[in-house]
Amino acid sequence: MSFFNFHKGKIGTLVVLCLLTQVGQAQLPAYQPTKEEISNAYKHMELMDSLTKGSVLKASIQPGWQADGKSFWYKNILKDSLTEYIYVDAVKGKKSKAFENEKVAKALSQAADTTFSATKLMLQQLRFDRAKNAIYIQAKSKWFAYDTNLHTAKKVEIPAVDEPKEIGWTRPSSRWRPFRADSISFDKKQKAFVRNGNIYLSEPNGKSIRQLTYEGNPLRPFGELSWSPDGQYIVCYRIDKQEERKVSYILSSLPNTTRGEVKTRGYAQPGDEFTSYEMFVINAKTRDLVKVKAEKIDFFNAPVIRWREGDPQHFTYEKVDRGHQRFRVIEVNAANGDTKNIIDEQTKTFIYQNLIYTHYLPKQHEIIWSSEKDGWRHLYLVDEKSGKIKNQITKGDWVVRDIDSIDTQKREVWFRANGMNVEEDPYHIHYYRIKFDGTGLVKLTNHVKATHSLAFSPDRSYYIDTYSTMTSPPIMELRKTSNASLVMKLEESDISQYLSFGFKLPEIFTAKGRDGKTDIWGIVYRPSQFDPNKKYPIIENIYAGPQDSFVPKAFRHYGEMQSMAELGFIVVQMDGMGTANRSKAFHDVCWKNLADAGFPDRIAWMKSLAAKYPYIDSTKVGVYGTSAGGQNSLGALLFHPGFYDAAVSACGCHDNRVDKQWWNEQWMGYPVGKHYDEQSNVTNAAKLQGDLLLIVGEADTNVPPESTYRVADALIKANKDFELLTIPGMGHSDGGTYGKRKKRDFFVSKLLGVNPPGRNKVTVTQ
């Protein structure tokens, strides 16, 4: 199933582009290293893996704000692991060295009766008392008072200065967490408890016991009790318990044993039944039991109950329907069980329940709620009593990524978003605040086109803005929150040592997706010593899970993609349609359609890349991925064999019926239908073309190892050639160090056509 369709004219354009690409590529010879050259490439890669560690300096600041909220300290790690400590006065806009390392190290060494290095002084916490010429220092988990005049130190139990009082973030509470039942009433005068499936009431000391329900039994008990604030009502449930079905795996190679050990655990898969909860309300005074006029809660746990402030008779709860196509905030009249939908959102595709934000303002009887109802994720102000939307708080062709905090006094929302700036990478994160009525938008980070990360002072009057892109290293600035004005530049990351190794920073590349209109964003890594007069195979790092977007936007200097490129590949990563953080339509491509994985966009992107650079060979393409990326990488060979040639698939969720319930039903829907079977890598295994390496850890507790074993079984029955690497004792990963090495060897063999270095040869010395 595809959300977007090609037009005939666009197909013709792509065909011409492909032909031109092939003509251009035919003019260059393929990069095919000799045995000696590939051996040297491996040695160079391994050397760079080691040398590049710590080669980027001053990449971040971890501020230690002081109690006044106007000053802070931070630590820099310099070349050769030398340390320096900086003190910043935000009001004056000045920074200076916090102290002389030599003097502090000497004083601490004497006070602690151990040696502290002056050049590599590692301290955990600092608290400054300027009036008393003292610095309280935590080092090696102990506190010392350092006298800045006498340059002496002594051990202390507790620092004699206050800690900063922080204004915490406001986060949406998780709908996945277990319900926490109440037993004692708010006034501490009554206790409710369950015995033999029924509810009883007593004094807190257990005296004066009264039975409140009689229909319950151990098989279908009442439970999960929640008191009203005035002690008159108890919300409870008649529970139909469903035992979670089990999955098992075997630990084959435990030390000091001669038998494998079977591990079994509960693991809900798509279609499995949940424990259900039928809601009731008990009047603790009259003992009346009232059934709430609502459907059973048959999806996850009993919900959080929120009693309306100033109204002891009404409460609300949230309900996500199974299948993820309806979300409600439901009001209940505790006296008679009547219900009313305050918020009722329904969709033909999915509601991404992990990103539903509901912040309750009890005094104002309002709810701040997030929704994609207009095609983009935005915030709305809802009247809690009537359910009417008072106004849309944020609006536009961009995405609210997260809520940082709510200021109820100023009636402001502080949030992060991406895509607001048209002439910028739409995935860059920026910070904003806005009034509840949708006016007064303040842009805290729009001064630079980059992805930003803010660290606020305790009272939020200042913030440290760390911003970067994949092609520009981090810069850290101190700014005022009131107007986003610059106080001072704090640090700029030093990447000179990294660049001295000969690396170029990755390229940020955009190309049109399957519809010929939508920009697809990705990154390109090249070998540090590549020859532009030769053609290099492409390897795609894929993860198409719909829960997020995955191409890094903040600066990264070295990792597996660059390391793999050093062997003679162009290594790429992009976010295709079906991933998150763009429009609802962009995201909806994944609905009941995980096998799509954005492949039409990815293929178009790589062909555009090859059309621009003749040394990139789009006729020889590898792909690797882990977990959902493992599913995707094998899917590349099964569903797009005309483009992809080789795949390494690690711990893949190859059949969405075998994987975890909550993740797969979110995107593939409920009930489990034939589309689950049609898109399964197991079902389609006989379609395999190209070279395949499967990697799985036998102790994977995330995706059952049997997901990979079932693929292997189907491939064997289809008489297909493939390789399987099982790592004893390994959990959910790409196989660790050994798996990574085998992955690189596999691509060297299949895409470059040369044998990787042999590692089993015995060197004979005479």
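# Contacts, helices and hairpins: a working chat

Student: Leaving aside its neighbours within four places in sequence, which residues is T708 in contact with?

Tutor: Once those sequence neighbours are set aside, T708 is in contact with C651, G652, H654, L694, I695, V696 and L724. Please keep in mind throughout that this is a predicted model.

Student: Where is the place of T708, and is T708 buried or exposed?

Tutor: T708 sits in helix 11, which covers residues 706-717, and T708 is buried because its relative accessible area is 1%, where buried stands for a value under 20%.

Student: OK, switching to helix 2. What about A41, buried or exposed?

Tutor: A41, which lies in helix 2, counts as buried at 11% relative accessibility. Leaving aside its neighbours within four places in sequence, A41 is in contact with E566 and L567.

Student: And how are A41 and G568 placed, along the chain and in space?

Tutor: A41 and G568 are 527 residues apart along the chain, and their C-alpha atoms are separated by 7.9 Å.

Student: How do the axes of helix 2 and helix 12 cross?

Tutor: The axes of helix 2 (residues 35-51) and helix 12 (residues 736-752) come within 13 Å and cross at roughly 145°, and helix 2 passes helix 12 in a right-handed crossing. On the helix 2 side the contact is made by I38, Y42, M45 and D49, and on the helix 12 side by R744, D745, V748 and L752.

Student: How does that contact of helix 2 with helix 12 split by class?

Tutor: By class, the contact of helix 2 with helix 12 has five nonpolar residues, three charged residues and no polar ones.

Student: What span does helix 12 reach, and which of its residues are buried?

Tutor: Helix 12 has 17 residues and reaches 23 Å from its first C-alpha to its last, close to the 24 Å expected at 1.5 Å a residue. Its buried residues are G736, G739, K743, R744, D745, F746, F747, V748, L751 and L752. Just after helix 12, G753 takes a positive phi of about 75°.

Student: Same for helix 3: what is its span, and which residues are buried?

Tutor: Helix 3 runs over residues 101-112, twelve residues in total, and it reaches 16 Å between its first and last C-alpha, close to the 16 Å expected at 1.5 Å a residue. N101, V104, A105, A107, L108, S109 and A112 are its buried residues, and what covers them includes strand 3 (83-89), strand 6 (134-139), strand 7 (142-147) and strand 8 (152-156). Helix 3 is followed by D113, whose phi is positive, near 60°.

Student: Now the strands. Why is strand 27 largely enclosed?

Tutor: Seven of the seven residues of strand 27 (residues 412-418) are buried, so strand 27 is largely enclosed by the rest of the structure. Both of its faces are covered, with E412, W414, R416 and N418 buried on one side and V413, F415 and A417 buried on the other.

Student: Which strands pair with strand 27?

Tutor: Strand 26 (residues 399-407) pairs with strand 27 in the antiparallel sense over seven bridges, and D402 has R416 in strand 27 as its bridge partner. Strands 26 and 27 form a hairpin with four residues between them, and R411 in the turn has a positive phi of about 55°. Seven bridges also join strand 27 to strand 28 (residues 429-435), again running antiparallel, and E412 stands opposite K435 in strand 28.

Student: What order do the strands of the open sheet with strand 20 and strand 21 have?

Tutor: That open sheet of four strands has the order 18-19-20-21, with antiparallel pairing. Strand 18 (306-307) and strand 21 stand at the edges with a single partner strand each, so one side of each is left without a neighbour in the sheet. Two bridges join strand 18 to strand 19 (residues 314-320), where F315 is the bridge partner of W307.

Student: And how do strand 20 and strand 21 pair?

Tutor: Strand 20 (residues 326-333) and strand 21 (residues 339-346) pair in the antiparallel sense over seven bridges, with F327 standing opposite E345 in strand 21. They form a hairpin with five residues between them, and G337 in the turn has a positive phi of about 80°.

Conventions. Residues are numbered from 1 along each chain as its sequence is written. This is a predicted model: local features need pLDDT of at least 70, side-chain atom pairs count only at pLDDT 80 or more; totals for chains, interfaces and linings use all residues. Side-chain values use heavy atoms; hydrogens and water are left out. The expected span of a helix is 1.5 Å times one less than its number of residues. Buried means under 20% relative accessible area, exposed over 50%, partly exposed in between (1.4 Å probe, protein chains only). Contact means heavy atoms within 4.5 Å. Axes are lines fitted to C-alpha atoms, for helices over the stretch in contact, and angles run from 0 to 180 degrees between N-to-C directions. A crossing is left-handed if the near helix is turned anticlockwise from the far one by less than a right angle, and right-handed if clockwise. Ala, Val, Leu, Ile, Met, Phe, Trp, Tyr, Cys and Pro count as nonpolar, Asp, Glu, Lys and Arg as charged, and the others, Gly among them, as polar. Two strands pair if DSSP finds at least two bridges between them.
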